[in-house]
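Visitor: I am new to this structure and should like to learn how to read it. May we go through it feature by feature?

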Amino acid sequence: MENYKTQSPIPGSPVVPQTFDGSKEIRFQCRKGIACWNACCSNIDISLTPYDILRLKRRFEMGSGEFLQKYTVPYEMEQNSIAGVKLRPVANGTACQFMTAEGCSVYEDRPTACRYYPVALLSMRKQDEYTDRDSYALVKEEHCLGHNEPRQITINAYRKEQGVEEYDELARGWRQLILKKKSSGPSVGKPSKRSLELFFMACYDLDRFRTFVASEGFCELYDLPAEEMQKILSDDTELMLFGFRFLKQVLYGENTIPLKADAAEQRQKHYQEKVQRLEREAAEKRAAEQDGMYEI
Ligand code: SF4
Ligand code: SF4
């Protein structure tokens, strides 16, 4: 078993200051009838993944725009200025809108963070590694009595029991985009408004992204076989996964989607013009410096 000892990220936080791999055994059970029933859903701070939104909007047979407006609030993740979305609590309160006396009213489609609780997923990438590794933290909040229940379970078995694996698999591309942004650090600076908006649309506002992908301008630029395009436009999950591919290309310059020949030519021409302009400016600067030397 591999453990990474860490400091608690937030002093006084309920996060146990240690990280674990999936073989870690925890003591926990949440069950109806427990004295703290619904305590966790009465005061929420739940970030949503793109797949969480997809599942919930599908459940409510709603467009993504309407769902986002009614049930979420946007936020910027950490200082890295990545667009994120959280569940919106009830008006003038802190409880989840989906909480009922019987429990979660969207249980089959509940978000990843609700499935994981009291475990938290930590995705990380070490500087010298090309793959992401998952590790886990444990959250122990005073109000949660599930930690006193007499059941031992490994984190891996708990993830299976809670149906987290599918959710994690389908959010992998999104997590990679976030890790990439985090590892690019402050040197890259705050992303432009345009890239924040593109990220938001492709990750969270799927129906608007579908219209964007089906647009004439998009089809003129990207070289996608008609069959693939049809699959992307007719299936929300395919569209979401395509969104991650698209963002890798537009935000990080990876060649994930082929460009049409003339578009690639245009891009090459644009690049050459930029290089020529930089060379011209450098030559002008050199000449000006030489003039200055002669003046002395
Ligand atoms: S979605 Fe369900 S489990 Fe998650 S906070 Fe809301 S009521 Fe609780
Ligand atoms: S045991 Fe924990 S997770 Fe379950 S209802 Fe109580 S507070 Fe919520």
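Guide: The turns below go from the chain as a whole to one residue, then to a helix pair and the ligands. Please keep in mind that this is a predicted model.

Visitor: How many helices and strands does the chain have?

Guide: The chain has 11 helices and 10 strands.

Visitor: What share of the residues counts as buried?

Guide: Of the 296 residues of the chain, 22% count as buried. Another overall figure concerns contacts between residues at least 6 apart in sequence: 67% of these join residues at least 24 apart.

Visitor: Let us take a single residue. Where does I26 lie, and is I26 buried or exposed?

Guide: I26 belongs to strand β3, which covers residues 25–27. A residue is buried if 20 or more other C-beta atoms lie within 10 Å of its own. I26 has 21 C-beta neighbours inside 10 Å, and therefore counts as buried.

Visitor: Which residues is I26 in contact with, leaving aside its neighbours within four places in sequence?

Guide: Those residues are L138, I153, I155 and Y158. The pair I26 and T154 shows how sequence and space may be compared: 128 residues separate the two in sequence, while their C-alpha atoms are 5.9 Å apart.

Visitor: How is the packing of two helices read? At what angle do α6 and α10 pack?

Guide: Angles over 145 degrees count as roughly antiparallel. Helix α6 (residues 193–203) and helix α10 (residues 236–252) pack at about 165°, and their axes are 9 Å apart. The two helices are therefore roughly antiparallel to each other. The crossing of α6 past α10 is right-handed.

Visitor: Which residues make the contact?

Guide: From α6 come S195, L198, F199, A202 and C203, and from α10 come G243, F246, L247, V250 and L251. By class, the residues of this contact are 8 nonpolar, 2 polar and no charged.

Visitor: I should now like to turn to the ligands. Which residues are around ligand 1?

Guide: Ligand 1 has around it C41, I44, I46, C96, F98, M99, C104, V106, R110, P111 and C114. This shell divides into 10 nonpolar residues, no polar and 1 charged.

Visitor: And by which residues is ligand 2 surrounded?

Guide: The residues surrounding ligand 2 are C30, I34, C36, W37, N38, A39, C40, Y117, H143, C144, L145 and G146. Sorted by class, they are 9 nonpolar, 3 polar and no charged.

Notes:
Residues numbered from 1 in each chain as written. Chains lettered and ligands numbered in written order. Predicted model: local features only at pLDDT ≥ 70, side-chain atom pairs only at ≥ 80, totals over all residues. Near = placed C-beta within 6 Å. Nonpolar A, V, L, I, M, F, W, Y, C, P; charged D, E, K, R; others polar. Axes fitted to C-alpha atoms, helices over the stretch in contact; angles between N-to-C directions. Helix = DSSP H or I, 4+ residues; strand = E, 2+ residues; numbered from the N terminus. Parallel < 35°, antiparallel > 145°, perpendicular 65-115°, else oblique. Left-handed = near helix turned anticlockwise from the far one by under 90°. Contact = placed C-beta atoms within 7 Å. Buried ≥ 20, exposed ≤ 12 C-beta atoms within 10 Å, placed from the backbone.
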